[in-house]
Every structure is written in C-alpha cells, then in structure tokens.
Amino acid sequence: MKPSFPDAFVLKLLRQESSLINAFRRLIEKVEIRTEQQLRETKGIHLEPIKANPPYHSIRLDQGPRAKVLLDGETMVFLDLDQDHDKTYGRK
C-alpha cells in the first residue's frame, strides 16, 4: 500500500516522543511492502475496522498507540493517532 500523510497528522506525529516516531517509521516500512490483505494478516499490525461512516480502520503503531486510517484503494491515509488504544475506537 502507499501511505499518505495529511499535514495535520504530520504535525501531531512530530509532537510525539521519539520512541513513537520510530515505531511509526517501522510501521510505514511494513505498509509500503504489503497489500491490504497482507496487513490484515500480519501479526502485530492489527489492522482493524472502526465502526464509522466512512469506514475508518485502526492500525497498531506500538504496544498501545494506534493510528486511525482511511483505506482508499491502494492508499492508506493516516488521519490521527493516539497513545490511548481505546480513544482510537471512540471509547472513554
């Protein structure tokens, strides 16, 4: 898949700790060489749908932090990230 990063996402990412930025870099390396189906099947990535309209997905950055993404054909658009796993799903 081809990753895409809107400006607001990049600004939020740059305010994170270096460990999360490094985890994000490792995730992008995986995203770039896999299809959507391969990402769903790759252990540790946990690409999961979020009940929303349009249908967003959650993808793991690290142990807890997740990013909210929109899948658009072969492009994965990164929209938001949160240190709290549950907030990505709209809980809490």
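Here is a short chat about helix H2, the largest pocket and Leu70 in a predicted model.

Tutor: Ground rules: residues count from 1 along each chain as its sequence is written, and side-chain values use heavy atoms, with hydrogens and water left out. Local features need pLDDT of at least 70 and side-chain atom pairs 80 or more, while totals for chains, interfaces and linings use all residues.

Student: Which residues of H2 are buried, and what arc do they cover around the axis?

Tutor: H2 is a DSSP run (H or I, at least four residues; strands are E, at least two), and it spans residues 18-32. Buried means under 20% relative accessible area with a 1.4 Å probe, protein chains only, and that picks out Leu20, Ala23, Phe24, Leu27, Ile28 and Val31. They sit on the same side of H2 because their arc, taken from the directions from the helix axis to the C-beta atoms, is only 145 degrees.

Student: Which strands and helices do those buried residues pack against?

Tutor: Contact here means heavy atoms within 4.5 Å. The buried residues of H2 pack against strand S1 (2-4), helix H1 (7-14), helix H3 (36-41), strand S3 (57-60) and strand S5 (75-82).

Student: Is Leu70 buried or partly exposed, and at what relative accessibility?

Tutor: Leu70 lies in strand S4 (residues 66-72). Not counting residues up to four places away in sequence, Leu70 touches Pro54, Pro55, Tyr56, Thr75, Met76, Val77 and Leu79. Partly exposed is the class between buried and exposed, the latter being over 50%, so Leu70 counts as partly exposed, at 24%.

Conventions: The expected span of a helix is 1.5 Å times one less than its number of residues.
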